[in-house]
Every structure is written in structure tokens, then in C-alpha cells.
Amino acid sequence: TTGTQTYNGAVSLTGGTVLTATTASFTGRPIAGGNNDLTFNFSGATAVNGTTFSNVNNFASGGGGTTSLSGTITTNGAQTYTDAVTLGGATILSGTSGAFTGGVNGAGNDLTLNFSAATAIGGGTFSNVDDLASSGPTSLSGNITTTGTQTYGGTVTLTGATVLTGTSGTFASTIAGGNNDLTFNFSGPTTVSGITFGNVDDFTSSGPTNLTGTITTNGSQSYS
């Protein structure tokens, strides 16, 4: 439609669905996805929260507008956000993979990524997030700054020089450096063990750091 779309009753997807408009509102029950794909192409603001839909396969939101996320948003497949994303509250995203090409403004809220496939987080992608957690494999590059903690539960791969800034950093698995530089600017203690790092070039930690094991880098190590 050239204007808005309003759905006051129950909505069920019987096949792959693309909704294009300025905005849309769903005042009835959540969209029953039927394991079908759903795409929002809205030029205005769109709010998506945990009660917006259920049993959707792949979900995409674009169209040049903005998408506000909050709550627990779960898909059976991928989640793709090509427009600017703002967190309207603490947000948990779960699915097979997540892509954020329009940037994520955390607005001081927590963000948890529970994707089974690799998720790319770049310094130009995320801003003003409080606590950031990624439970699956994650690729990092650029300056990634949070006002709170950063927690990485899966393998971390550096795809470029990476600077992580926050209150503390936790790495449950390994960091594959790809011969890139890595800098920790955490105000609280960060533990670095010999099994954590592989193929990191220059490593710098500017905050309190706990070391254990054999820590090998291709380049220099600096602790201040």
C-alpha cells in the first residue's frame, strides 16, 4: 500500500509474505508465521517485539525506515535488518543468523544475540549498547564500545583490527586473530589465558588483566 497497514484481528501467514507501506500496526494477536518467511518494507517507524510474531522462518526488516526492537524475538531462520535499528528495551534475538547493515543504536539497553551461525559485529554497527552478549560464533572488527559488559560465548574471529571497550570482557571460547591487532579497554578485570588467543598480531590491554597459561602473539604485547 502507499499508506499504512492496520490489522485488528489474528494474522496467519500461509506462504512467504512481504508487507510494503509507510507503517503497519498489528493490534490483534501475534502473527502466526506457519514457518513462512516474513519481510517488512516500511518507510516509517516499525516496532517489533516478542509478541509481534511466532513461528516465523526468516524475518527481514528494511524499506528505508527505522525498526524498534524489544523483548525476546525468535525466528526459526535468519533475521536481517537493513534499516536503522533502535532498541526500545532489553532485547534478545534468537535464530540461525543475524545481519545488521543499518546499524544498531542500543539507547542504553542490553542486547543479547543467540544465533547458531556466525554474527558480524562491527564498530560502525553497534552504538550505545549497555551489556552486549553473543552466545554463538561472532566476527569482530573496528571499535566496539559498550557502556557495560561484553560477553562472547562462542568462537570469536577478528576480521580486522579490533578495539573492545566496556566495563569487562568475558570470552568463553577462543579468539581467532586472523593476524589482526586486538586491544582491550576494559575498566574491570579481564582474564586472558593461553588457550584464548590464536594468531593475534599486536595485543594491548589497558585495564586490569588476569593472565594464565602460555600467551603467544605474532607481534607485541602491551599491558598498562
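**Close-up views of a predicted all-strand chain**

**Figure 1. Surroundings of Thr75 in the loop between strand S9 (66-74) and strand S10 (79-81).** The model shown here and in the following views is predicted. With a relative accessible area of 4%, below the cut-off of 20%, Thr75 counts as buried. Its side chain comes to 2.9 Å from the backbone oxygen of Gly77. Beyond its neighbours within four places in sequence, Thr75 contacts Phe53, Val56, Asn57 and Phe59, together with Ser94 and Gly95.

**Figure 2. The largest nonpolar core, made up of 44 residues.** Leu93, Leu111 and Phe184 are the residues with the most contacts inside this core. At least two core residues come from each of strand S2 (17-21), strand S5 (38-42), S9, strand S11 (84-95), strand S14 (111-115), strand S18 (138-145), strand S20 (156-166) and strand S23 (182-186). In soluble globular proteins, nonpolar side chains tend to be buried together.

**Figure 3. Contacts of Leu111, one of the residues with the most contacts inside the largest nonpolar core.** When residues up to four places away in sequence are set aside, Leu111 touches Leu87, Thr91, Leu93 and Val104. Its further partners are Phe126, Val129, Asp131, Leu132 and Ala133. Leu93, among these partners of Leu111, is itself listed with the most contacts inside the core.

**Figure 4. An open sheet of five strands in the order S2-S5-S8-S10-S12.** The strands of this sheet pair in the parallel sense. S2 and strand S12 (98-100) form the edges, each pairing on one side only. On average, neighbouring strands are turned by 5° against each other, direction ignored.

**Figure 5. Parallel pairing of S5 with strand S8 (residues 59-62).** Four bridges join S5 and S8. Phe40 stands opposite Ser61, which belongs to S8.

**Figure 6. The protein chain as context for the close-up views.** The secondary structure comprises 28 strands and zero helices. Along its principal axes, the C-alpha trace spans about 60 × 25 × 25 Å. Of the 224 residues in the chain, 42% count as buried. Among contacts with a separation of 6 or more, 3% are between residues 24 or more positions apart. The chain exposes about 9200 Å², of which carbon and sulfur atoms supply 50%.

Note on methods
Residues numbered from 1 in each chain as written. Predicted model: local features only at pLDDT ≥ 70, side-chain atom pairs only at ≥ 80, totals over all residues. Heavy atoms only, no water. Buried < 20%, exposed > 50% of the residue type's maximum accessible area, 1.4 Å probe, protein only. Polar contact = N/O pair within 3.5 Å; in protein donor to acceptor, adjacent residues only side chain to side chain. Contact = heavy atoms within 4.5 Å. Core = buried A, V, L, I, M, F, W, Y, C linked by side-chain atoms within 4.5 Å. Areas by Shrake-Rupley, 256 points an atom, 1.4 Å probe, with all protein chains shown as cover. Pairing = 2+ DSSP bridges. Axes fitted to C-alpha atoms, helices over the stretch in contact; angles between N-to-C directions.
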